[in-house]
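Let's walk through this structure together, one region at a time. Have the sequence and the 3D view ready as you read.

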Amino acid sequence: MRAGQAWRARGDRGQTSEHSLASSTPEDDDCVCWPMDLRQGMFKARTPRPPPGGRAGGEPQPLAWSDYFENRQAVPVGDTRFNVYSSGLGGAGPVFVLHHGAGHSGLTFGLLARHMCAAEPGIAVVAFDARGHGGTAGDNEGDLQLERLVDDLVGVVDAVLPENKRDVVLVGHSMGGAVVARACRRIAHVLGLVLIDIVEGSAMESLHAIPGFIVARPQTFATVGSAISWHIDSAEIQNEESARLSVPSLIAPAGDAWAWRTALLPTEPFWRSWYQGLSSAFATAPAARLLILAGTDRLDKELLIAQMQGKFQLELLPAAGHTIQEDLPERVGDTLVSFWRRNQRLDIPVRRINPPPPAKAQE
Amino acid sequence: MESEHGWKFTQCFGDKADLEDVTEADIISTVEFDHTGDYLATGDKGGRVVLFERSDNKQGCEYKFYTEFQSHEPEFDYLKSLEIEEKINRIKWLRPNNNALYMLTTNDKTIKLWKVCEKTLKQVTENNLLDGDRAPPADIANLRLPKLMSCENIVAAIPRKIYANAHTYHINSISVNSDGETYLSADDLRINLWNLGINNQSFNIVDIKPANMEDLTEVITAAEFHPASCNYFMYSSSKGTVKLCDMREAALCDQHAKQFEEVEDPASKNFFSEIISSVSDVRFSADGRYVLSRDYLTLRLWDINMEREPVRTINVHDYLKPKLCDLYENDCIFDKFECNISGDGKQAMTGSYNNYFSIYNLADEGGDVMLQADKNAFRAKRVQGPNGSKSKVGIPRNGRGGLRKEDVDPESIDYNRKILHSSWHPKENTLAVAATNNLFIFTD
């Protein structure tokens with residue numbers, strides 16, 4: 001390997017070498033191999049990949065929900081009308097109920113839903129906007145207590161799938177994971193419980209940093225396109241197509257600009273309630289369990305013990321950011337489908353080995 | 001009507017094969033005129049240095065091959081398991097002395113001081129034994145000194161000093177001080193000061209290495225001593241700044257005396273802003289009052305006394321702005337173009353893709369010339385711009401015709417042919433331009 005062979009690398013599409021500047025041992029980083037010149041390596045390591053196809057011309061355009069979900073309906077539950085996206089409700093296969101995280105919306109699962117329904121006909125997917133998010137409207141938008149969110153989820157599932165006999169897989173991303181873990185026992189036929197990128201210990205440790213992050217992001221956007229661009233440039237969402245679909249539902253018109261649909265700072269009192277006890281609720285849930293992590297979180301002590309005891313399946317997707325379902329929808333989709341397959345109930349007809357003795361004649 | 005600018009292509013060295021057939025070792029990596037302009041040095045990727053000597057004949061000036069020597073060999077660093085390329089990154093001339101030429105050449109890790117002089121080779125024509133034909137002399141009185149005869153003059157290159165093991169990162173610049181005694185060498189993170197006579201010691205004068213390499217945000221891209229004041233030098237960085245330092249202030253010149261940076265409007269920042277703001281080359285004018293810096297898309301002329309903004313910003317190839325995404329994909333956005341300023345400080349030159357390069361008039365706007373260092377350039381047709389614009393390309397031998405920058409189509413440009421290295425004659429308007437493995441000489 002020759003250092004600095006920039007000339008020979010011309011014409012190769014994509015990079016073949018690692019751009020890590022980290023050294024194997026901190027004290028002798030002078031011994032690190034620099035695969036290319038330091039300036040180039042530094043730029044590539046520090047900046048995320050640029051979006052494909054030049055964006056220098058125009059801003060990214062929003063995409064329509066209808067390309068990703070079959071159906072969209074307003075479902076009244078209690079004092080709120082929930083905006084529910086769904087596909088495949090008429091089928092006979094399993095139903096994946098998807099709950100998004102705080103500050104997101106049901107469209108975060110758009111690419112995932114489309115991939116899964118295409119890969120496995122018969123599957124149904126239900127993703128709704130939680131209270132105070134996306135297209136859901138009602139009173140009490142700020143009440144994001146865990147109990148309230150669980151009630152909302154149960155209510156939506158009952159309304160969309162009345163008298164459901166199909167298998168249900170509950171999938172929750174971030175805050176949504178906390179909701180589905182508690183709702184598991186209240187919904188019928190729950191076959192599997194999936195948490196995406198949420199671990200109680202890591203979440204509790206990072207709660208103090210979240211207000212800073214909320215405040216640091218832009219409070220308004222001039223156009224929808226610039227909001228999409230911000231999410232991509234700041235690596236919030238690494239998948240451009242998914243950002244174009246989901247970001248417009250995260251902002252709402254405010255004057256002649258756009259502001260965040262959901263004010264996250266006022267929800268701070270509820271954060272602890274979401275995550276406290278999540279690990280034990282997950283490990284003891286009466287269903288098959290799957291945890292999908294981007295690998296940046298480490299398992300906390302409770303989950304580590306549970307994993308060693310074989311209580312849940314762990315899937316690591318290190319190439320993704322926090323919104324794994326948006327960054328790698330195909331990988332997540334395939335994982336969910338095979339998780340369902342592997343945990344299907346086996347309907348083995350009971351076969352008697354010894355036929356019952358014939359009834360004795362009355363003596 | 002002859003053009004006002006009579007830039008003419010006069011010579012071309014190197015075999016003019018197609019790009020695909022070029023041996024990588026023949027690719028020219030640096031070009032430098034000496035202080036008189038009588039000698040021209042080129043270094044290539046194979047570690048060789050080729051010198052040309054000027055000879056004036058009735059057609060004007062002409063450069064002829066003078067000598068060639070192998071300056072650096074490929075090495076292997078056993079400790080780090082890295083190959084050290086023999087490519088010559090820079091050549092800088094020293095003042096000639098005793099009928100010998102002196103120059104510093106450097107690759108990524110080692111700087112060498114070369115003495116090039118003409119030697120008369122003498123051969124022994126007659127010795128005591130006549131090469132075995134004669135019996136040894138009987139007594140001491142018959143012993144004769146062997147007869148020598150001068151047979152030919154050869155040009156010999158002798159390495160006088162080797163300045164090694166002072167740089168962890170790749171050396172990108174060397175610059176000789178006006179005091180004639182010291183010189184600096186700059187790599188990506190450090191600048192060292194050497195005494196020409198001492199090769200086992202150097203002083204570190206700038207160090208921007210962060211404590212943790214993961215926090216690396218800036219590298220040094222070029223450095224140069226002030227042409228007249230022996231205490232000033234400047235260096236440019238990948239963040240788009242040019243810093244002027246005074247060695248009298250402190251032993252470690254991490255604090256700059258002046259910083260030339262044009263602060264960009266944060267609203268116009270995009271993904272590529274930082275990469276294209278990286279300064280690839282920086283030069284002092286001969287009088288030391290101006291600084292010329294080159295970043296990916298522009299050429300900037302700074303007055304030493306004004307740090308806030310450049311006196312003049314020239315867009316070199318604006319038509320590449322919409323193509324930045326593709327240029328990032330094929331790594332061309334990291335190309336380091338050199339810039340040159342004429343001896344009288346009135347003109348500046350820099351290269352572009354498709355072997356185009358442009359010469360700009362610094363004194364006033366307009367009068368810019370765009371040329372192409374191509375073997376077919378001198379056969380270009382005569383084309384006139386509709387508004388009589390003065391930008392021309394592919395000037396034929398008689399100095400007429402050409403195309404304009406506005407006519408360049410970024411889709412049809414060959415991004416593998418680029419003018420990265422060049423040198424301006426110190427006393428007249430003659431340019432030596434390296435195009436891959438060929439050297440072109442243009443004269444005004």
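A good place to begin is a pair of residues facing each other: Ile251(A) stands opposite Trp260(A), which belongs to strand E10(A). Bear in mind as you look that this is a predicted model. The strands involved here are E9(A) and E10(A), the latter covering residues 257-260; they run antiparallel and are joined by four bridges.

Now widen the view a little. E9(A) and E10(A) belong to an open sheet of three strands with antiparallel pairing, in the order E8-E10-E9. Strands E8 (220-221) and E9 (251-254) of chain A each have a single partner strand and stand at the edges, so each has one side left without a neighbour in the sheet.

From the sheet, let's turn to the nonpolar interior. The largest nonpolar core has 56 residues, and among those with the most contacts inside it are Leu153(A), Leu170(A), Leu193(A) and Trp274(A). Helix H4 of chain A, residues 146-160, gives the most to this core, with eight residues. A second core, separate from this one, has 33 residues, including Val125(A), Ala320(A), Leu328(A) and Leu336(A).

Trp274(A) deserves a closer look. Apart from its neighbours within four places in sequence, Trp274(A) is in contact with residues that include Ala102(A), Leu149(A), Met175(A), Arg182(A) and Thr267(A).

Finally, move to chain B, whose secondary structure comes to two helices and 30 strands. Of the 444 residues in chain B, 55% are buried. Among chain B contacts with a separation of 6 or more, 52% are between residues 24 or more positions apart. The accessible surface of chain B is about 20300 Å², with 47% of that belonging to carbon and sulfur atoms.

Note on methods. Residues are numbered from 1 along each chain as its sequence is written. Chains are lettered from A and ligands numbered from 1 in the order in which they are written. This is a predicted model: local features need pLDDT of at least 70, side-chain atom pairs count only at pLDDT 80 or more; totals for chains, interfaces and linings use all residues. Side-chain values use heavy atoms; hydrogens and water are left out. A nonpolar core is a set of buried Ala, Val, Leu, Ile, Met, Phe, Trp, Tyr and Cys residues joined through side-chain atoms within 4.5 Å. Buried means under 20% relative accessible area, exposed over 50%, partly exposed in between (1.4 Å probe, protein chains only). Contact means heavy atoms within 4.5 Å. Two strands pair if DSSP finds at least two bridges between them. Accessible areas come from the Shrake-Rupley method with a 1.4 Å probe; for residues, only the protein chains shown count as cover.
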